[in-house]
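Q: Could you take a close look at the place where the ligand sits, and then walk me through how some of the helices pack? I am new to reading structures, so please go step by step.

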Amino acid sequence: MRRPIVAGNWKMHGSREENAQLLSALIAGVGACAAEVIVFPPAVYLAEVAALAQGSAVRVGGQNLCTESIGAYTGEVSGAMLVDVGASHVLVGHSERRALYGESDSVVARKFVAAQAAGLVPVLCVGETLEERESGVTEAVVSRQLDAVVSLAGTAAFLKAIVAYEPVWAIGTGRTASPNQAQAVHAFIRGYFSAKDVMLADHVRVLYGGSVKASNAAELFGMADVDGGLVGGASLKAEEFVRICVAAG
Ligand code: PEP
């Protein structure tokens, strides 16, 4: 049985005061929840959010990390620094990083490796654009994104990683993939790993991301290969996010 996960990507939102309020409501709300709950605040707030979350069921992750571990990389944050301030996870290859900051498959793969080298659990985001879906290349795109990481990190690296299927057309658009659309790609991703290692395929958790809300979470999370969600906008509203966590388990 794979333990469900609900991850909240706060993106570039929040303030010290808002974060503290959101987190305390979240901690109070998810206490009895079976799902693993992880929040991803902006880097400047990580240390404070991690300190506030200490001793609770909520874990904290970074939204991004540098491919390199130390040195002259102005503006960057290393995996070791994320660990130092209390992060346990990090998002890698979010579609906003790929599209807005030009992160290629190979940069994403290097970030995945850097995350694991620092002791973080990478949450590898994959997914197709609307144009790619309409051209019928969703599986080819997802395979290409996974191949880049597998060829650098190896298949076994996914024993300590999480995959998030996030169709780009569903992120922040209010247009959610239907449960069947999500399940089809999740089954494809599990099949991708199954062809390499059946045990790994059974173990790896694949989250769905893209306009998850309290009103659609249970149906999405009820699909056989959907192990929880990566939630953006709805993770900024405590009550809504708690309902999503409860829907996961
Ligand atoms: C995300 O940021 O990864 C995301 C899925 O956002 P939203 O839930 O707002 O679509």
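A: Let's start with the ligand. In this predicted model, the ligand is surrounded by 14 residues, and the closest of them are K11, H94, E166, G172 and S211. If you sort the residues of this shell by character, you get four nonpolar, eight polar and two charged.

Now zoom in on the oxygen atoms of the ligand. A backbone N or O atom of G172 lies 2.6 Å from one oxygen atom of the ligand. For S211, a backbone N or O atom is found 2.8 Å from a ligand oxygen. G232 also has a backbone N or O atom 2.8 Å from an oxygen atom of the ligand. How much of the ligand's surface does the protein bury? Taken alone, the ligand exposes 300 Å², and the protein buries 96% of that.

Next, let's turn to the helices, beginning with α1. Helix α1 covers residues 16-30 and packs against helix α11, residues 238-248, with the two axes 9 Å apart and an angle of about 30° between them. Angles under 35 degrees count as roughly parallel, so α1 and α11 are roughly parallel to each other. The crossing in which α1 passes α11 is right-handed.

Helix α1 also has helix α2, residues 46-53, as a partner: their axes come within 10 Å and cross at roughly 30°. That angle makes α1 roughly parallel to α2. Here, too, α1 passes its partner α2 in a right-handed crossing.

One more pair is worth a look. Helix α7 spans residues 138-153 and helix α8 spans residues 179-194; the axes of α7 and α8 come within 11 Å and cross at roughly 40°. Is this pair roughly parallel or oblique? The crossing angle makes α7 oblique to α8. As for handedness, α7 passes α8 in a right-handed crossing.

To trace this yourself, begin at the ligand and find G172, S211 and G232, whose backbone atoms lie by its oxygen atoms at 2.6 Å, 2.8 Å and 2.8 Å. Then follow α1 to α11 and to α2, and finish with α7 and α8.

How values were computed
Residues are numbered from 1 along each chain as its sequence is written. This is a predicted model: local features need pLDDT of at least 70, side-chain atom pairs count only at pLDDT 80 or more; totals for chains, interfaces and linings use all residues. Side-chain values use heavy atoms; hydrogens and water are left out. A residue is near a molecule or strand if one of its heavy atoms lies within 4 Å of it. A polar contact is a pair of N or O atoms within 3.5 Å; within protein, one must be able to donate a hydrogen and the other to accept it, and residues adjacent in sequence count only if both atoms are side-chain atoms. Accessible areas come from the Shrake-Rupley method with a 1.4 Å probe; for residues, only the protein chains shown count as cover. Ala, Val, Leu, Ile, Met, Phe, Trp, Tyr, Cys and Pro count as nonpolar, Asp, Glu, Lys and Arg as charged, and the others, Gly among them, as polar. Axes are lines fitted to C-alpha atoms, for helices over the stretch in contact, and angles run from 0 to 180 degrees between N-to-C directions. Helices (H or I, at least four residues) and strands (E, at least two) are DSSP runs, numbered from the N terminus. Angles under 35 degrees count as roughly parallel, over 145 as roughly antiparallel, 65 to 115 as roughly perpendicular and the rest as oblique. A crossing is left-handed if the near helix is turned anticlockwise from the far one by less than a right angle, and right-handed if clockwise.
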